[in-house]
Amino acid sequence: MITAIKNVIVTAIQVLWVWLEGLWAIVCLIGIGLGALVGKGGPKVALGAAFAKVSTQLTVMKVLRAFIPNLSLKLKIMNAYENTGTAIITRYNDCVDVLNRNEDFEVVYGSRMRKLTAGENFFLGMQPSWDYTRDTSAMRLAMRRTDVEQFVEARAAKLAAEIVSGSNGKIDLPAQLGQQIPWDMTNQYFGAGGNSKDMIDWTTVLFWYLFEDLPADPEVEAKAMDYAAKLRNYLDEAVADRKKNPTDAADVLNRCLALQSSDTPGMEDLGIRNNLIGILIGAIPTISKSCCLVMDELLRRPDALATAHAAAVRGDDDLVAQHCWEALRFNPHNPVIYRRANKDCVVAEATLRRQKIRKGQMVFAANMSACFDRYEIDKPNEFRTDRPWNNYMIWGYGMHNCFGDAINAKIIPAIMKPLLAQKNLRRAAGDVGQIDTGGTPHPQHFHLEFDA
């Protein structure tokens, strides 16, 4: 009886606290709106700039979590994929529910993936099916978990240390580290890196086109079609050349060809090429952007930067990694994961936040919001490095969790560690010390300095 009463009291306090946070967030948003009235470039420009900030987005999510945790709109926010409106899901358990219900909420990338491959889908855009099982199973034989520590992490750590030590106290994080080391992985481990500048440019635009081009910009599509054709041609030639001139490299391409020689389903030349397209698109842009967001967030938090520096100096790889994941919780590379409702269905059944989702609605599972849900995340507004892994939803969730999550988990801290170990790590003076995306959703330049 005492325990039950205690639970009721704790829950009531928690609900009240969430409501108070929501009310304060409304006050903050009103302040942002008033500030936009006198903002640079006029109210529309100033308001757009304010809502582009992660801090403002988190404030909006506080309001939704408190008062409208599952919001259904007739408004279409996304034009890239067909839909009948938008639903926004903000609570942790509801996001997990949506991402686990593959029959109700489908992945939508298939139509654009087929344009990139000029025909076939890639497993990231597939619903549960034989094709999905075939392709993921074959690629897990080619990309083994044991490779991550034995090859990928070690090589990344070595290259990162060499680049940082040779930088003479000045470094452009994405251009010199964040892009180059993942490219080296595609070249040495995947066996299909090609020219570094081309591969970085191609994969950045193709990732943008698949996952971030919400307004369906015709210029983005035109560039994506051009780059996709170039990537297909390169990979077709790479596969043909490797078959003509075999090597004994223990890389992914050779393993795919070995699977082909044993008549593994889906490992014909075209299947290998299409799987490599999907894997390459997910590699360089994701890793590079994540590294920049980690560093940007740590630089905003001197105490966290100091503990990350201490961990890097003493070689505490696990603690360096924990700093990375916590930074990405506050500043994620993908703040929402979207699915489309296959039929009329319900989210949060038998709760006060129950919401009907209409067939065809695009459902935004706001993983950024989920990671701040006070009902599931302890002291969500604090930067803590002792959180359990299930507090994070960085690489997606469920069946379509990022295929390279094991690589990301090791290569990002390996890239960041030698940089974090430097004394007096800081932004370069002026605008160059801020992330420059170069008109894309991905950092192109971010200049840092340290005491050499």
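Which helices each supply at least two residues of the lining of the second largest pocket? In this predicted model, they are α1 (2-37) and α3 (54-67). The legends below start with the whole chain and then visit that pocket, two sheet regions and two single residues.

**Figure 1. The whole chain, with its 17 helices and 10 strands.**
The radius of gyration is 23 Å, close to the 22 Å that the globule rule gives for 452 residues, so the chain is as compact as a globular protein of that length. Along its principal axes, the C-alpha trace spans about 70 × 55 × 55 Å. Of the 452 residues, 52% are buried. Keep this overall frame in mind as you move on to the close-ups.

**Figure 2. The second largest pocket, with a volume of about 270 Å³.**
Its lining has 13 residues, and the closest to the pocket centre are Pro69, Arg91, Leu352, Arg353 and Tyr375. By character, the lining divides into 7 nonpolar, 2 polar and 4 charged residues. Helices α1 and α3, met in the opening question, each bring at least two residues to this lining.

**Figure 3. Strand β2 (residues 86-89), covered on both faces.**
In a regular strand the side chains alternate between the two faces of the sheet. On one side of β2 you will find Thr86 and Ile88, while Ala87 and Ile89 lie on the other, and all of them are buried. Here "buried" means a relative accessible area under 20%.

**Figure 4. Strand β2 and its pairings with β1 and β8.**
Strands of a sheet pair through backbone hydrogen bonds, either parallel or antiparallel. This view offers an example of each. Strand β1 (residues 70-73) runs antiparallel to β2, and 4 bridges join them. Strand β8 (residues 362-365) runs parallel to β2, again with 4 bridges. Isoleucine 89 is a handy landmark here: this β2 residue is the bridge partner of asparagine 70, and isoleucine 89 also stands opposite alanine 365 in β8.

**Figure 5. An open sheet of 3 strands in the order β4-β10-β9.**
The pairing in this sheet is antiparallel. Strands β4 (170-172) and β9 (423-427) stand at the edges with a single partner strand each, so one side of each is left without a neighbour in the sheet. From one strand to the next, the twist averages 20 degrees. A closer look at one of the pairings shows β4 joined to strand β10 (residues 447-451) by 3 bridges, with the two running antiparallel. Lysine 170 makes a good starting point for tracing this pairing, as its bridge partner in β10 is glutamate 449.

**Figure 6. Leucine 116, a residue of helix α5 (residues 110-117).**
Is this leucine 116 buried or exposed? Leucine 116 has a relative accessible area of 1%; since buried means under 20%, that value places it in the buried class. For a sense of distance across the model, compare aspartate 386: leucine 116 and aspartate 386 are 270 residues apart in sequence and 41 Å apart in space, C-alpha to C-alpha.

**Figure 7. Glutamine 14, a residue of helix α1.**
This helix is one of the two named for the pocket lining in Figure 2. Glutamine 14 counts as partly exposed, at 24% relative accessibility. Glutamine 14 and tyrosine 392 lie 378 residues apart in sequence, and their C-alpha atoms are 21 Å apart in space.

Conventions. Residues are numbered from 1 along each chain as its sequence is written. This is a predicted model: local features need pLDDT of at least 70, side-chain atom pairs count only at pLDDT 80 or more; totals for chains, interfaces and linings use all residues. Side-chain values use heavy atoms; hydrogens and water are left out. Buried means under 20% relative accessible area, exposed over 50%, partly exposed in between (1.4 Å probe, protein chains only). Two strands pair if DSSP finds at least two bridges between them. Axes are lines fitted to C-alpha atoms, for helices over the stretch in contact, and angles run from 0 to 180 degrees between N-to-C directions. On a 1 Å grid over the protein atoms alone, a cavity is a set of points where a 1.4 Å probe fits but cannot get out, and a pocket is an open set with protein on both sides within 12 Å along at least five of seven lines; lining residues have an atom within 4 Å of a point. Grid points are joined across faces, edges and corners, and a volume is the space filled by probe spheres set on the points. Ala, Val, Leu, Ile, Met, Phe, Trp, Tyr, Cys and Pro count as nonpolar, Asp, Glu, Lys and Arg as charged, and the others, Gly among them, as polar. The radius of gyration is taken over C-alpha atoms; the globule rule is 2.2 Å times the number of residues to the power 0.38.
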